Amino acid sequence: MKTSEEQKEEDKLKKLAPTLFSIPKPTGPSAPNGYFDQLANQVQERIIKPKRRHFSDLFFAFKKKHIAIGFASIVIGTFVLITSQNRHPLMASDIFTDTAFVEMEDMSTSAIIDELISFSIEEEAINLLDHGDEKLVLAALDNDQLFNDFFNSEAINEEVLSNGNKNELEIIESYFQSQDFDLSFITN
Amino acid sequence: MTDEELVHLFKTGANSNYAFNLIVEKHQEKLFWMINRIIQNHDDTDDVLQNVFIKAWKALPKFREDASLYTWLYRIAANESFTFVKKNRKHIYTSIDDSTVCSKSHFDEPNEIEIIKKLNTAIATLPEKQRLVFHLKYFEEKKYEQISQILGTSVGGLKASYHHAVKKIESFLSTD
């Protein structure tokens, strides 16, 4: 039910745009026959078996702060773990499950990313962490300011947009390094 | 079943799949229409719409029901659409397809179809956000307060945006 104010506004607009408001309104979208009959099943199939996605797609698709920062942090944390494991031999058992760490030990950083993606990053990558640590990591990642700084960073957006798939990992790593991102919850 | 009942059924666990299918079936057409208005290509709209529902599936257990389900879904859809546009800007402007232009309607006369095509072409000239405001207000006849919840924009800003859109479209329609 329209209020009198809404009706007044509508009348005003009708005077302003008589051609537009004389057109009968369409009642909905057109789609190929049977499209809407099958959509629910297609969605269920994708829920059961997620599409394999590329890192560049994921980067742009990341909007949930936990996942976005979590993923970036896992990548960086993994990088830190691998490059400094000789100096800190206990870190692996502190953070990653033994199995996960052993599997990742001899892999390059980009191979680890591929592996994380193949696990469907949005959920399972975080599950590579021990349950106890997962809570700790998620709590540390729950930081709006950090998330906003990251995604609103002109350098990030311009670099990634202009370079496409090139060097995204370096861009993320250098960003967090330049911001002195606190990785102590991973390395301590 | 109301949205609240569907959310409750989903959250109780045993019938989550069934409840979610009902949610998809209930909202799919309106969401498709809205996304299609932004993206203007059936295949991409399909992809974005599926992503919207998958995100909804994942987030629904944590949905606090501060907003209504449809507002929440519209909001996800708007964000997904804008993200897609930002990522695929070049591609979108070269691939507007006819399925967008020819909306489902009760129009059979060729001249009516032509008018609708012209209207859709006019809408396509608007910036994405203004296009969405116009779509939600003109076609779906939503209240500004509802659109404000979906887009996170003030009611005053929405009114101004809608008025501008109406003027631009009228001007487009009035010229041959």
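In the predicted model, the side chain of A:K25 lies over the face of the B:Y138 ring, 4.5 Å from the ring centre. A second lysine is placed in a comparable way within chain B, where B:K137 lies over the face of B:Y144 at 4.3 Å from the ring centre. The rings of B:Y138 and B:Y144 both belong to a cluster linked by ring pairs, which also includes A:F21, B:W33, B:F134, B:F139 and B:Y162. The cluster thus has members from chain A, namely A:F21, and from chain B.

Over all chains, the count of aromatic pairs comes to 16. One of these is formed by B:F20 and B:F53, whose ring centres are 6.4 Å apart and whose planes meet at 90°, an edge-to-face arrangement. The pair links distant parts of the chain, with B:F20 in helix α2 and B:F53 in helix α3 (residues 42-59) of chain B, 33 residues apart. Both phenylalanines, B:F20 and B:F53, are buried. B:F20 also pairs with B:W57; the ring centres are 5.2 Å apart and the planes stand at 80°, so this pair is edge-to-face, since the angle is over 60 degrees. Here too helix α2 is joined to helix α3, because B:F20 lies in the former and B:W57 in the latter, and the pair therefore ties together parts of chain B that are 37 residues apart in sequence. The relative accessible area of B:F20 is 1%, so the residue counts as buried.

Helix α3 of chain B also holds B:D44. With a relative accessibility of 14%, B:D44 counts as buried, because this value is under 20%. B:D44 and B:S81 are separated by 37 residues in sequence, and their C-alpha atoms are 9.6 Å apart in space.

The environment of B:H135 was examined next. This histidine lies in helix α8 (residues 128-139) of chain B and counts as buried because its relative accessibility is 0%. The side chain of B:H135 makes a polar contact with the side chain of B:R37 at 3.2 Å. When neighbours within four places in sequence are left aside, B:H135 is in contact with B:W33, B:M34, B:R37 and B:E140. Of these residues, B:W33 is also a member of the aromatic cluster.

Side chains of opposite charge can pair when their charged atoms come close. The structure holds 10 salt bridges over all chains. Among them is a bridge between B:K143 and A:E6, in which the closest N and O atoms are 3.2 Å apart. This pair crosses between chains: B:K143 is in the loop between α8 and α9 (144-151) of chain B, and A:E6 is in helix α1 (residues 4-16) of chain A. Both partners are partly exposed, with relative accessible areas of 31% for B:K143 and 22% for A:E6.

A further salt bridge lies within chain B, between B:K26 and B:D3, with 3.0 Å between the closest N and O atoms. B:K26 is located in helix α2 (residues 16-39) and B:D3 in helix α1 (residues 3-11), so the pair ties together parts of chain B that are 23 residues apart in sequence. The partners fall into separate accessibility classes: B:K26 counts as partly exposed because its relative accessibility is 42%, whereas B:D3, with a relative accessible area of 11%, is buried. In another salt bridge, the side chains of B:R64 and B:D66 meet at 3.6 Å, N to O. B:R64 and B:D66 are both exposed.

For chain A as a whole, the secondary structure comes to 14 helices and 0 strands. From the N terminus on, the elements of the chain accordingly run as a succession of α elements. Chain A has 188 residues, of which 41% are buried. Among contacts in chain A between residues at least 6 apart in sequence, those joining residues at least 24 apart make up 73%. The accessible surface of chain A comes to about 10,800 Å², and carbon and sulfur atoms account for 51% of this area.

Key:
Residues numbered from 1 in each chain as written. Chains lettered and ligands numbered in written order. Predicted model: local features only at pLDDT ≥ 70, side-chain atom pairs only at ≥ 80, totals over all residues. Heavy atoms only, no water. Helix = DSSP H or I, 4+ residues; strand = E, 2+ residues; numbered from the N terminus. Buried < 20%, exposed > 50% of the residue type's maximum accessible area, 1.4 Å probe, protein only. Polar contact = N/O pair within 3.5 Å; in protein donor to acceptor, adjacent residues only side chain to side chain. Contact = heavy atoms within 4.5 Å. Areas by Shrake-Rupley, 256 points an atom, 1.4 Å probe, with all protein chains shown as cover. Salt bridge = Lys/Arg side-chain N within 4 Å of Asp/Glu carboxyl O. Phe/Tyr/Trp six-rings, centres within 6.5 Å; stacked < 30°, edge-to-face > 60°. Lys NZ or Arg CZ within 6 Å of the ring centre and 35° of its normal.
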